[in-house]
Amino acid sequence: MKIAVASDHRGVEMKSKILDMIRSHGHESLDYGPNCTESVDYPDFASKVAEAVSQKRIDRGILICGTGIGMCIVANKFDGVRAAGVNDPLTAELSRRHNDSNVMCLSADLIGAQSLDRMIESWLMTEFEGGRHQRRLELIAEIERRHHQ
């Protein structure tokens, strides 16, 4: 799987750890920036990852900012992106199992290292359950088609 990771200035350190974790699970990790801790605008970096997911140039993305909320808002503006704000291993798992999330948004300020390891592993390993959840994703896709014409 090809997974891009981007952050704002507050998430640079976490981004580096996540890139390594992705590789350790046998996936290709792509760094979409930034590579400095000077203040940057998170929409610029969220857009790069979300556009790549939307255009199917990558399989999934992970976005990190202070709370994860801003990144999530931006990413969900792109067709076909199902970005989920994830706070713990359970929400990571359920975002994949029930929502087939293809972008995970994380808080650089609120997530500890031990929890982060379990969250990344869970999100990478959990498959979409389908069934009744597929019908709901189809409803979301229909809403997206109606509002993005």
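In this predicted model, five strands form an open sheet in which the order is β2-β1-β3-β5-β4 and the pairing is parallel. The sheet is bounded by two edge strands, β2 (28–31) and β4 (83–85), each of which pairs on one side only. On average, neighbouring strands of the sheet are turned by 20° against each other, direction ignored.

At one edge, β4 pairs with strand β5 (residues 103–107) in the parallel sense, over three bridges. One residue pair may be located here: A84 has M104, in β5, as its bridge partner.

**Helices across the sheet**

Two helices that lie across strands of the sheet are set out below.

| Helix | Residues | Strands it lies across | Angle |
|---|---|---|---|
| α1 | 12–24 | β1 (2–7), β2, β3 (60–65) and β5 | about 170° to β1 |
| α5 | 113–125 | β1, β3 and β5 | about 170° to β5 |

Helix α5 contains S122. Is this residue buried or exposed? S122 has a relative accessible area of 14%, and it is therefore buried, since the term applies to values under 20%. When neighbours within four places in sequence are left aside, S122 is in contact with P89, A92 and E93.

**A loop residue**

F78 is found in the loop that lies between α3 (69–75) and β4. Which residues does F78 touch, if those up to four places away in sequence are not counted? They are S47, A50, E51, S54 and E144. For S54, the separation can also be stated in two ways: F78 and S54 are 24 residues apart in sequence, while their C-alpha atoms are 6.2 Å apart in space.

**The chain as a whole**

The chain has six helices and five strands. Along the sequence, these elements follow the pattern β-α-β-α-β-α-β-α-β-α-α.

The C-alpha trace spans about 40 × 30 × 25 Å along its principal axes. The radius of gyration of the chain is 14 Å; a compact globule of 149 residues would have a value near 15 Å, so the two agree.

Of the 149 residues, 47% count as buried. The chain exposes about 7800 Å², and carbon and sulfur atoms supply 48% of this area. Among contacts between residues at least 6 apart in sequence, 69% join residues at least 24 apart. The pair F78 and S54 offers an illustration, with their positions 24 residues apart in sequence and a contact between them.

Key: Residues are numbered from 1 along each chain as its sequence is written. This is a predicted model: local features need pLDDT of at least 70, side-chain atom pairs count only at pLDDT 80 or more; totals for chains, interfaces and linings use all residues. Side-chain values use heavy atoms; hydrogens and water are left out. Two strands pair if DSSP finds at least two bridges between them. Helices (H or I, at least four residues) and strands (E, at least two) are DSSP runs, numbered from the N terminus. Axes are lines fitted to C-alpha atoms, for helices over the stretch in contact, and angles run from 0 to 180 degrees between N-to-C directions. Contact means heavy atoms within 4.5 Å. Buried means under 20% relative accessible area, exposed over 50%, partly exposed in between (1.4 Å probe, protein chains only). The radius of gyration is taken over C-alpha atoms; the globule rule is 2.2 Å times the number of residues to the power 0.38. Accessible areas come from the Shrake-Rupley method with a 1.4 Å probe; for residues, only the protein chains shown count as cover.
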